[in-house]
Amino acid sequence: DLASKCSTEQKIVWVARQILGSGSANGFQKATSTMQRLKRQKARSFKQKETSSIKDAESALTEKDEEERLKRDIFTIRVAKRM
């Protein structure tokens, strides 16, 4: 078994790389984190625009309703489905 042949330091390095990931090692994790970052950036910019305009009527929305409205307003259908 390959794991039993490795030293403790090598095992620690391997686990750290798996958890933290490298730029090219885990494509799914990279794509997911990129999508989450894009979602946060768009949400932040949209909320800044929204606060400068109308805020009273939308203050009663729940968090889930807010997220669905945000998807509908700023993302294309394809991106919103992927989220």
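1. Let's start with confidence, since this is a predicted model. Helix 2 comes out best in the chain, with a mean pLDDT of 84, while helix 5 (residues 77-82) sits at the bottom with a mean of 67. Across the chain the average pLDDT is 76, and 72% of the residues reach at least 70. I'd keep those numbers in view while reading the rest.

2. On the overall fold: the chain has 5 helices and 0 strands. Reading from the N terminus, the order is simply α-α-α-α-α. Burial is on the record too: of the 83 residues, 14% count as buried. The exposed area of the chain is about 7,200 Å², and 55% of that comes from carbon and sulfur atoms.

3. Now helix 2, which covers residues 8-20. Does its length fit its residue count, or not? With 13 residues at 1.5 Å a residue, a span of 18 Å is expected, and the end C-alpha atoms are indeed 18 Å apart, so the two agree. As for cover, helix 2 has hardly any: 0 of its 13 residues are buried. So the element with the highest mean confidence, 84, is also one with a buried count of 0.

4. Staying on helix 2, have a look at Trp14, which lies in that helix. Is Trp14 buried or exposed? Its relative accessible area is 55%, and the cut-off for exposed is over 50%, so Trp14 counts as exposed. Trp14 also has company: together with Val15, Ile19 and Leu20, Trp14 makes a nonpolar surface patch of about 480 Å².

5. Helix 4 (residues 63-74) is next. Its 12 residues reach 16 Å from the first C-alpha to the last, close to the 16 Å expected at 1.5 Å a residue. Which residues of helix 4 are buried? They are Glu66, Arg69, Leu70 and Lys71. Note the charged names in that list, Glu66, Arg69 and Lys71, alongside Leu70.

6. Last, Phe75, which you'll find in the loop between helix 4 and helix 5. Why does Phe75 count as buried? Because its relative accessibility is 11%, and buried means under 20%. Phe75 also pairs up with a residue from elsewhere in the sequence: Phe75 and Lys42 are 33 residues apart along the chain, with 8.6 Å between their C-alpha atoms. One thing to hold next to this is the helix that follows the loop: helix 5 is where confidence is lowest, at a mean of 67.

How values were computed. Residues numbered from 1 in each chain as written. Predicted model: local features only at pLDDT ≥ 70, side-chain atom pairs only at ≥ 80, totals over all residues. Heavy atoms only, no water. Helix = DSSP H or I, 4+ residues; strand = E, 2+ residues; numbered from the N terminus. Expected span 1.5 Å × (residues − 1). Buried < 20%, exposed > 50% of the residue type's maximum accessible area, 1.4 Å probe, protein only. Areas by Shrake-Rupley, 256 points an atom, 1.4 Å probe, with all protein chains shown as cover. Patch = residues over 30% accessible without salt bridge, like charges linked within 9 Å, V, L, I, M, F, W, Y side chains within 5 Å. Salt bridge = Lys/Arg side-chain N within 4 Å of Asp/Glu carboxyl O. pLDDT = per-residue confidence, 0-100.
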